[in-house]
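Work through the exercises below with the sequence and the model open. Try each task before reading its solution.

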Amino acid sequence: MAKVTGTALVTGGNRGLGLEVCRQLGRLGMRVLLSARDIAAGAEATAALRSEGLEVTFEPLDVTSQESIDKLADRLERQGLRLASLVNNAAIALQGFDASVAERTVAANFLGPLHVTERLLPLMEEHGRIVMVSSGAGELEGLSPAIRQRVDPPPSKEELVALMHEFVDDVRGGGYAAKGWPGSAYRVSKLGLNALTRLLAAELKPRHLLVNAVCPGWVRTRMGGEGASRSVEEGADTLVWAATLPPEGPSGGFFRERRAIPW
Ligand code: NDP
């Protein structure tokens with residue numbers, strides 16, 4: 001593959017798919033900002049990739065902390081850095097289902113990518129790529145009509161954010177099932193992320209930014225488990241592809257194995 005230039009920032013880069021995306025982007029020639037909330041783990045992962053001869057720098061980032069996001073953006077601004085690619089990879093899949101799980105999951109998997117993207121937008125290069133690492137769990141297929149019509153077509157960004165908070169409140173109040181919500185916070189967070197991807201793609205079209213959601217498939221990571229069907233190398237492939245699209249590449253799509261799949 002041809003050499004790719006520019007700087008890429010990857011969230012949750014210390015392990016799993018995020019780490020492999022950092023490695024593959026580095027091998028393609030990009031300067032990589034490996035971000036992680038765990039300082040020791042992030043520094044260790046960065047050192048490992050540097051020992052492989054890749055140009056990787058560690059940046060602390062907890063995607064659920066606006067203070068952490070602001071600090072990162074300020075650091076990058078001071079360095080005059082521009083981003084060619086942003087990979088919103090960090091996410092959680094918690095055991096159980098209650099209001100606390102719903103709140104933490106929406107915060108990490110939906111609000112995290114939203115806040116990181118919005119704060120870093122001024123730093124994005126024209127024709128830059130924004131990758132939302134989503135999941136087949138976020139598909140519209142199988143969703144109740146009541147919830148489906150509230151996300152497809154997506155409402156405004158403000159309404160979408162309010163909808164995600166409404167989900168958490170409905171779980172807390174116990175009325176979520178009656179309103180048609182699925183009984184999985186992970187699923188709802190990725191459903192919201194997909195709707196957000198469609199909104200951002202349209203909003204950022206005038207800036208020629210390419211915004212896509214990608215599903216890595218079922219991958220052997222801490223989240224996917226040892227029994228998953230795909231290696232991290234295989235899972236990272238479509239993420240890296242979306243993070244290195246040429247200017248004429250697609251935007252506003254959902255992809256798995258480099259092919260468009262239905263929302
Ligand atoms: P892992 O659980 O292996 O890694 C998740 C990463 O996200 C870790 O680096 C973790 O950091 C980080 N993270 C979690 N919360 C935060 C936070 N608040 N701030 C910063 N970093 C955070 O998961 P995968 O590598 O498997 O998943 C990567 C992406 O792929 C996710 O978006 C996931 O939803 C998606 N995906 C994965 C599938 C699979 O089968 N594995 C299937 C479909 C989608 P820490 O080490 O500190 O916890």
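**Exercise 1.** How do the residues of the lining of the largest cavity divide into nonpolar, polar and charged?

*Solution.* Start with the ground rules: the model is predicted, local features need pLDDT of at least 70, side-chain atom pairs count only at pLDDT 80 or more, and totals for chains, interfaces and linings use all residues. Residues are numbered from 1 along each chain as its sequence is written, and side-chain values use heavy atoms, with hydrogens and water left out.

Step 1: fix the terms. On a 1 Å grid over the protein atoms alone, a cavity is a set of points where a 1.4 Å probe fits but cannot get out, and lining residues have an atom within 4 Å of a point. A volume is the space filled by probe spheres set on the points, which are joined across faces, edges and corners.

Step 2: find the cavity. The structure holds 1 cavity of 30 Å³ or more, and about 40 Å³ of space lies in the largest cavity.

Step 3: list the lining. It consists of Gly138, Leu140, Val151, Leu191, Asn194, Ala195, Arg198 and Trp263. Helix α7 (residues 185–203) gives the most, with 4 residues.

Step 4: sort them. Ala, Val, Leu, Ile, Met, Phe, Trp, Tyr, Cys and Pro count as nonpolar, Asp, Glu, Lys and Arg as charged, and the others, Gly among them, as polar. The result is 5 nonpolar, 2 polar and 1 charged.

**Exercise 2.** Which residues of α3 are buried, and what covers them?

*Solution.* Step 1: locate the helix. Helices (H or I, at least four residues) and strands (E, at least two) are DSSP runs, numbered from the N terminus. Helix α3 takes in residues 66–78 and reaches 18 Å from its first C-alpha to its last, close to the 18 Å expected at 1.5 Å a residue; the expected span is 1.5 Å times one less than the number of residues.

Step 2: apply the cut-offs. Buried means under 20% relative accessible area, exposed over 50%, and partly exposed in between (1.4 Å probe, protein chains only). In α3, Ser68, Ile69, Leu72, Ala73 and Leu76 are buried.

Step 3: look down the axis. These buried residues of α3 fall within an arc of 130°, so they line one face of the helix. The arc is that of the directions from the helix axis to the C-beta atoms. An α-helix has 3.6 residues a turn, so residues three or four places apart point the same way.

Step 4: check both sides. The cover of the buried residues of α3 includes β1 (7–10), β2 (31–36), β3 (56–60) and α4 (99–120), where contact means heavy atoms within 4.5 Å. On the face turned away from the buried side are the exposed residues Glu67 and Arg78.

**Exercise 3.** Where is the cis peptide bond, and where do His208 and Arg258 lie?

*Solution.* Step 1: recall the background. Most residues other than glycine have a negative phi, and most peptide bonds are trans.

Step 2: inspect omega. The bond from Asp152 to Pro153 is cis, with omega near 0°. Pro153 sits in the loop between α5 (145–151) and α6 (157–173).

Step 3: inspect phi. His208 has a positive phi near 60° and is in the loop between α7 and β6 (210–214). Arg258 has a positive phi of about 65° and belongs to the loop between β7 (254–256) and β8 (259–260).

Step 4: add accessibility. His208 is partly exposed at 37%, and Arg258 is partly exposed at 39%.

How values were computed. 1 Å grid on protein atoms, 1.4 Å probe; cavity = no way out; pocket = protein on both sides within 12 Å on 5 of 7 lines; lining within 4 Å.
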